[in-house]
Amino acid sequence: MTEKLILTCDRLLSHQQLACCQSHCGIPLHGKEVLIYNNMDLQQKPLVLTGHHGDVTAIAFGKGNGPVFLCSASADYVIVWDIELCRMRTQEGKVAAGIVIGTLLGEVAHLAFCFSDERVAACSGASIYVLSSKREEVISTLTGHLGPLTSAEFCPWNKNVLVSISEDRTFKVWDLKTEAVFYQSFVLSGSPLLSVLFMEKDRYLIAGSGDGQVWCFYLSDDQKCQLVAKMDLQKMEKRHRAHHETVRQAGVAVQSAADDVEISKPVIQMAACGSLTYINSDPEIDNSCFCIGSTDGLYVVDLATSELLKIFHFKDHPNLSITMAGLWSISPGWDNSMVVLVSSLLTPCVVFLELCLSELDRVGGSCEGFSVFPSSPRLLESPLNAELKKKEPNHSKKKGGIKEQPLVFHSKVKSSGYTSAPRRIMFTPKTNVEKKSSAKKITKNAGLLRSDYPADSAAPTVPRIDLSVANKQISCLQYSGDGKQILCGLGDSSVLLYRSSLTGSPSVHIGHDKPVSSVSWSLSRQWWMSASEDLSLRIWTHCRSEPAVIMGGNMFSKPIRGAQFYYLDKFLLLASGPSVYLYLYNVDSSRDCIKRYEERSVIKQAKCLTTSSTDITALSAINDFLSYIVLVCGSDRSIQVLDMNRGMVASVLPDAHSRAIHCVTQNKGSTFSTQAPDSYNLFLTSAVTDGVKIWDLRTLRCVRRYENHLNRYHSCSSVISPCGRFIASGSEDKCAYVYDIRSSSYLHKLQRHSDTVLSVAFNPATPELLTGTLDGKLRLFQPSSGSHLSSDIGAAAITSPT
């Protein structure tokens, strides 16, 4: 933060609109005059504009690419000035003159040009006057607010749309053609709204209030506003401090805490930052950010993640001439910089500042990144090298008795032919045989035909099947790898196995004593497992209703929060308490009818990793291909990256959410779809009251946030589609939400569920979404354009080799 210019005034300018653009800045002088400085040469003599008879209350620069226009307003006139023309007239010894476009409009609090500089919006009292910038003409007068207006802005992508905010704590979206209101917001805050900003790329409308609250809305084509995110400037600053806290001595830390005084942080002014360069950022990741000017400094906010990227506090720069800001005017500068004109809140001075934003760094994470794909071979001491020793057959020695007994009951046995003469002719082909139809062969190979997952398919939004399963909650869902079968873990301690078409009666698997918390298919689809709150885990097979493996008893002291097959089905991976367990196993489903109690399957612990968390709340790993990475989330709100090749915790992300994470999901894709390799490094986390965040494993940073759905109490899951384009999340408002992974606003709101949507799952073989509710209902959704797709996807899946 560099101070380029300081101007001492004869009066306080803390409540008057200042003007700043990339090339010029404007400051009221002596009440009735306006000084114009060239930002490239601040030592040059400023241009003085005179013509008002009353005190200038608002000034604003134009937004067009042509000549630089300035509009100034007082109680008597609203005047538009051509800066270059006025400078030329001054150099010729003439008086600079402007065009009067409004007369006696009252005390104007705010001015704004449209993006073509053809119109000017002037806010006076509770009215908005839309004026022509070429001549004195009031194009329209907009009234409807219940309090004085504080700001108004033209929409950059629709010239006939204007948004206004007021002290009545609401905003209105106006249709300038009909002078009607497209949309009127609810009362957003207990404090007046002070500033408004448009983000053209994402079509966002952002409003800020006097108590530091920021609302981001998506402005649709029909001018309806959809809330995308709500931010609190004070809370964001606390999170930013926690992430960037350095190790200090105890005495220094106490002194710093004593000097830290909490003040209010009104959102005085907002401005878009444009395209900036981030440290350790992927160029494919969209970085949209904006600046907030408050009383104690400037805040740079990442809109995708609702986190602060940088804070420029006045107190951190003691050489500045300003300590508290009254009003801001912010504009993008050159080479990743911002130019700022700010008036002091307590002293009659105005300061011109330049801020360098070239070293912005995202919140969270570290310089060390990871990849789900192994970059090196397994270490010799790696836990992944563990193997089960095969049991050798036990041949018991017979004691006494007859050693040789006949093997058959017949008195004569056919000779084996060893003593006969050798054959001279080994094979005689049959000729002139009629060829049989190959219909059976075609039928047999029909299941081997595979149809790829449509990469350009629309999101599944049309309900096709509604099914009532039970009166208990559907706590977890998972499709098999071929998309043919579905596992449903229920709150009544049972597991149901359905066909993907949801037709016919499911096979019921019972044995747990408490609700089922997770289910998982093996990659070979020969087995599946279920974990429950009763501290047990069971592995099931297709051929039996009884589990082939039961892990329980005194093996675990706390419930199993996550369990799955890992490393191409080589291991069982599960989390209980603060530890992650890795087990080798051998499933033997055969049973002796007499000694049914004998367990023939083998389970052996290969590794136990203890994390820093008190309890692990969620776990995720990829089983479809070899990967060393395992993600666990703890009750301390952290995300921990485990390197199973080295058998250690590789990295820890503290305070990833404001609450403990209850769901972590990696982008696993499917065998029917192909994604870019880097896409598999993305993963989702969900926490109560804190929405869904998507993280990049390469940088260990949050890259986007989704919080349109309602999640205040229940553990609603989220999942990424096999094509990697959509995110589905459950919600407590009896809806399921489908997001575009590239945008924070939701694409579709799947309504009319009977209760809270707890579980969601995408079919890996075809564009289908399955939802499970708190009251035991299943709903299957398909794309509206894909209604011709059959529910039975057997022909589109690969037949299991078993």
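This talk walks through some strands, ring pairs, cavities and backbone angles of the structure shown above.

Good morning, everyone, and please keep in mind from the start that what we are looking at is a predicted model.

Let me begin with strand β48, which covers residues 692-696. How many of the residues of β48 are buried? Five of the five are, so the strand is largely enclosed by the rest of the structure. If we take its two sides in turn, V692, I694 and D696 are buried on one of them, while K693 and W695 are buried on the other, so that both faces of β48 are covered.

Next, we can ask which strands pair with β48. In general, the strands of a sheet pair through backbone hydrogen bonds, and the pairing is either parallel or antiparallel. Strand β47 runs antiparallel to β48, and five bridges join the two; one of the contacts to look for is that of L682, whose bridge partner in β48 is D696. These two strands make a hairpin with four residues between them, and in this hairpin T689 takes a positive phi near 65°. Strand β49, residues 701-706, also pairs with β48 in the antiparallel sense, again over five bridges, and here D696 has R701 as its bridge partner in β49. This second hairpin, formed by β48 and β49, has four residues between its strands as well, and L700 in the turn has a positive phi of about 55°.

Let me now move to two open sheets. One of them has four strands in the order β14-β15-β16-β17, and the pairing is antiparallel. Which strands lie at the edges of this sheet? They are β14 (149-154) and β17 (180-184), each of which pairs on one side only. Leaving direction aside, neighbouring strands of this sheet are turned against each other by 25° on average. Within the sheet, β15 (residues 161-166) and β16 (residues 171-175) run antiparallel and are joined by five bridges, and V161 finds its bridge partner, D175, in β16.

Another open sheet of four strands follows the order β34-β35-β36-β37, with antiparallel pairing. Its edge strands, β34 (516-521) and β37, each pair on one side only, and the average turn between neighbouring strands, with direction ignored, is 15°. Here β34 pairs with β35 (residues 527-532) in the antiparallel sense over five bridges, and the bridge partner of V519 in β35 is S530.

I would like to turn to the aromatic rings, of which the structure holds 18 pairs. As a reminder, a pair of aromatic rings is described by the distance of the centres and the angle of the planes. For F556 and Y581 the centres are 5.6 Å apart and the planes stand at 70°, and because angles over 60 degrees count as edge-to-face, this pair is edge-to-face. It links distant parts of the chain, 25 residues apart, since F556 sits in the loop between β37 (549-551) and β38 (560-566), whereas Y581 belongs to strand β40 (residues 579-586). Both F556 and Y581 are buried.

A further pair is made by F625 and Y680, whose ring centres are 5.9 Å apart and whose planes are at 85°, so this pair is edge-to-face too. F625 lies in the loop between β42 (616-621) and β43 (629-634), and Y680 in the loop between β46 (661-666) and β47 (682-687), so the pair ties together parts that are 55 residues apart in sequence. F625 and Y680 are both buried. Elsewhere, ring pairs link Y706, Y737, Y739 and Y746 into a cluster, and K63 lies over the face of F115, at 4.7 Å from the ring centre.

Now a word on empty space. The structure holds five cavities of 30 Å³ or more, and the second largest of these has about 40 Å³ of space. Among the residues that line this second largest cavity are Y453, P454, C723, R725, F726 and F762.

Finally, here are two residues that have a positive phi although neither is a glycine. Y567, with a phi of about 60°, lies in the loop between β38 and β39 (571-576), and R752, with a phi of about 65°, is found in the loop between β53 (746-750) and β54 (757-762). Is Y567 buried or exposed? Y567 is buried, with a relative accessible area of 7%, whereas R752 is exposed, with a relative accessible area of 77%.

Note on methods
Residues numbered from 1 in each chain as written. Predicted model: local features only at pLDDT ≥ 70, side-chain atom pairs only at ≥ 80, totals over all residues. Heavy atoms only, no water. Phe/Tyr/Trp six-rings, centres within 6.5 Å; stacked < 30°, edge-to-face > 60°. Buried < 20%, exposed > 50% of the residue type's maximum accessible area, 1.4 Å probe, protein only. Lys NZ or Arg CZ within 6 Å of the ring centre and 35° of its normal. Pairing = 2+ DSSP bridges. Axes fitted to C-alpha atoms, helices over the stretch in contact; angles between N-to-C directions. 1 Å grid on protein atoms, 1.4 Å probe; cavity = no way out; pocket = protein on both sides within 12 Å on 5 of 7 lines; lining within 4 Å. Points joined across faces, edges and corners; volume = space filled by probe spheres on them.
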